[in-house]
Each structure stands twice: as C-alpha cells, then as structure tokens.
Amino acid sequence: MVADKSLAVSLGSLDFRNPVVPASGTFGFGTEMSSVYDIDILGGISLKGTTLEPRYGNDCPRIAECPDGMLNSVGLQNPGIDALVEKKAPALRRVFGGVIIANVSGFSVAEYRECCRRVAACDDIDLIEVNVSCPNVHGGGMAFGTSPKSAAEVTAAVKEVAGSKPVFVKLSPNVTDIVAVARACEDAGADGLTLINTILGMRIDLKTRKPVLANRYGGFSGRAVLPIALRMVNQVSHACSIPVMGCGGVASASDVIEMMMAGATVVQVGAENLRNPYACKEIVESLPGTMQSLGIRDIKEIIGTV
C-alpha cells in the first residue's frame, strides 16, 4: 500500500501513516479483522485491554443499546498479559506494519507495573496505553483515574519499567476536573494522554423495573459523546505540553478532523467499529476528499488550531 504523506502524523519517535486508530476493546487483537480487509490501511491499532491474569469479565447481560451509542460492562474480559506478549502481539505484527498499542489495566499499582514490565520486553509492541479507569483495590474501589494523586502514582510506576516505549495514560471523563488529572500524569512522566474513556451510564428495563446491565452501570460510548470528548481534548491539549490521542464518538472523517482541530494528534475510533466493522477503513479512505473540500493540504497543519 502506498501511503499518502499528507495523512502522516508522529507521536514522538513513532510515525503513523495516518491518524486513524481503532480504540481498545472495539477491534479485538487486530488479527480478527485481518481477513475482513487490509488492516495495513490503519495508522495503528490499540489492542483489547489486558490485565495481569486472565479475566472472564462481568456477568451477562453486559451490553445495552442507547440512542446514538451503547453501554458496555464487559469487565475487561481478556486472556492475560502473557498471552498478549507471547501470542497476540506477535501474531498481529506478522500481518500489520503500523503502530501496535498495548492497552494495560490493573487493580493495584503493583499490577500495572508488572504488566508494563512484561509489555516493555515485547518487541512487537510500540506504545503502552495505561487505562487508569480500573478500581483501586487499596483505595476503596475508586478508579485510579478519578484522583490526580493515584493517576500520577500509576504513571510514575509504569515509567520506571517501560524502557524506551512511550507511555500514554488513558483518562476517565468521570471526574470534576480532567485537567488536574492530566497535569498530574504529565508531571509524573507520561509521554502522552488518551482521552476520553467511557462515561458512566445506566439503562432500566421498564417491564422488569431492573437495570438492563447485570452490573447495573456501564460505560457509555458512541456518537453522542463526541461533544464531551472534544471539550476535554481541547482543555487538556491547552493545559499540557505532551501529545494527545483523542477518542470518543468519532464516526467519520469530519469527526477526525474536528478532533484534531481540538488538539489531538492521533484519533481513535471506538464504538463505531462495533456498529460498522469497516468504519476505520472507510474513514481513512474518505479523509483525503474531506481534507480537499476544507482546503487542508497536510493534516498535521490542523492539530490544535482551535
């Protein structure tokens, strides 16, 4: 595939052929889609969130539809970190030449650290994305990402073992001041930030008068969250000097451009992949025409212009 140089972007030393990246949890481990279309069209892939030990996830039902979006309470179902570094990432590298992003979660600082130590030793992974939306088992169940102090503690611990791999911290929007959390991660050594993760939500079955999800609450994502994601990306990109990967509600080439204008260098596409498995491919293919219609010669020129 001949890359369109007008679509190329960089995060530090990592070069992306274009800014479009399927978000974690919406594209499996990449290989699942390699027989559907040529995934080398993508700039990168953020792999399914992985924990130290294998997890079955939450009880069903754990998916609920919403207007312009969905709720999920999958509960980080995954095969564990060893399967990621020994099987999943190497298998993807054999069929994909773009940036491979490992999305890592933990239930304690020690778990985050150990996961990232193992990821750092895997040559097939280019970037570590740290999901700080997991419950802090030593902090009463509060997510690490809702506290600047806890988020910084995880960031510092991961950076100690990450070696040369860039560390991006994926921020939760379920906070009063996302800038405070972002700055704490930057001060602790994060190389970049990904935002936003899902917004906590709920659906109720009117006939049974019970929550639709077995876990009661779940993460809301989809087109409806784009304005919230844009606002937070814009706030954080103005407040911090490290690069941002924008995520939340992106479903079209124009959404990608809007997210980049807000301050994102790379844009992740999440729930739209579950509605339309060809979403990322279609976005990449339509980006040049959308750019031309807006008078954009090189996509890098629009980053953070708002």
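**Exercise 1. Aromatic pairs**

Task: Establish how many aromatic pairs this predicted model contains, and classify the pair formed by Y112 and F144.

Solution. The count of aromatic pairs comes to two. A pair of aromatic rings is described by the distance of the centres and the angle of the planes. For Y112 and F144, the ring centres are 5.3 Å apart and the planes stand at 90°. Ring centres within 6.5 Å make a pair, and planes over 60 degrees apart count as edge-to-face. The pair of Y112 and F144 is therefore edge-to-face.

The next step is to place the two residues in the chain. Y112 belongs to helix 2 (residues 109-120), while F144 lies in the loop between strand 8 (127-131) and helix 3 (148-161). With 32 residues separating them, the pair links distant parts of the chain. Both Y112 and F144 are buried.

A further ring is that of Y56, which has the charged end of R62 sitting over it, 5.7 Å from the ring centre.

**Exercise 2. An open sheet and its hairpin**

Task: Determine the strand order of the open sheet of four strands, and state which strands form its edges.

Solution. The order is 5-6-14-11, and the pairing is antiparallel. Strand 5 (63-66) and strand 11 (199-201) each pair on one side only, and these are the edge strands. From one strand to the next, the twist averages 35°.

The pairings can now be taken in turn. Strand 5 and strand 6 are antiparallel and share four bridges; within this pairing, I63 stands opposite N72 in strand 6. Strand 6 (residues 69-72) is joined to strand 14 (residues 218-221) by three bridges, again in the antiparallel sense. Here L71 stands opposite F220.

Strand 5 and strand 6 also form a hairpin, with two residues between them. D68, in the turn, has a positive phi of about 60°.

**Exercise 3. Unusual backbone geometry**

Task: Locate two residues other than glycine with a positive phi, D68 and R209, and decide whether each is buried or exposed.

Solution. Most residues other than glycine have a negative phi, and most peptide bonds are trans. D68, with phi near 60°, lies in the loop between strand 5 and strand 6. Its relative accessible area is 57%. Exposed means over 50%, so D68 is exposed. R209 has a positive phi of about 60° and is found in the loop between strand 12 (204-205) and strand 13 (210-211). At 74% relative accessibility, R209 is likewise exposed.

Two cis peptide bonds complete the exercise. One joins C60 and P61, with omega about 0°; P61 is in the loop between strand 4 (44-46) and strand 5. Another runs from L195 to I196, with omega near 15°. I196 is found in the loop between strand 10 (192-195) and strand 11.

**Exercise 4. The nonpolar core**

Task: State how many residues the largest nonpolar core has and which of them have the most contacts inside it.

Solution. The largest nonpolar core has 97 residues. Those with the most contacts inside it are L42, L193 and L195. For L195, leaving aside neighbours within four places in sequence, the contacts include L171, I178, M232, V233 and V236. V244, M245, G246 and C247 are also among the residues in contact with L195.

**Exercise 5. Helix 6 and what follows**

Task: Decide whether helix 6 is largely enclosed or not, and examine the loop residue T265.

Solution. Seven of the 10 residues of helix 6 are buried, so the helix is largely enclosed by the rest of the structure. The buried residues are A253, D255, V256, I257, M259, M260 and A262. Their cover includes strand 1 (9-11), helix 5 (226-239), strand 15 (244-247), strand 16 and helix 8 (279-293).

G263 follows helix 6 and has a positive phi, near 135°. T265 lies in the loop between helix 6 (253-262) and strand 16 (266-269). Its relative accessibility is 10%. Buried means under 20%, so T265 counts as buried. Leaving aside neighbours within four places in sequence, T265 is in contact with V9, S10, L11, P19, P243, V244, M260 and I303. One of these, M260, is also among the buried residues of helix 6.

Note on methods: Residues numbered from 1 in each chain as written. Predicted model: local features only at pLDDT ≥ 70, side-chain atom pairs only at ≥ 80, totals over all residues. Heavy atoms only, no water. Phe/Tyr/Trp six-rings, centres within 6.5 Å; stacked < 30°, edge-to-face > 60°. Buried < 20%, exposed > 50% of the residue type's maximum accessible area, 1.4 Å probe, protein only. Lys NZ or Arg CZ within 6 Å of the ring centre and 35° of its normal. Core = buried A, V, L, I, M, F, W, Y, C linked by side-chain atoms within 4.5 Å. Contact = heavy atoms within 4.5 Å. Pairing = 2+ DSSP bridges. Axes fitted to C-alpha atoms, helices over the stretch in contact; angles between N-to-C directions.
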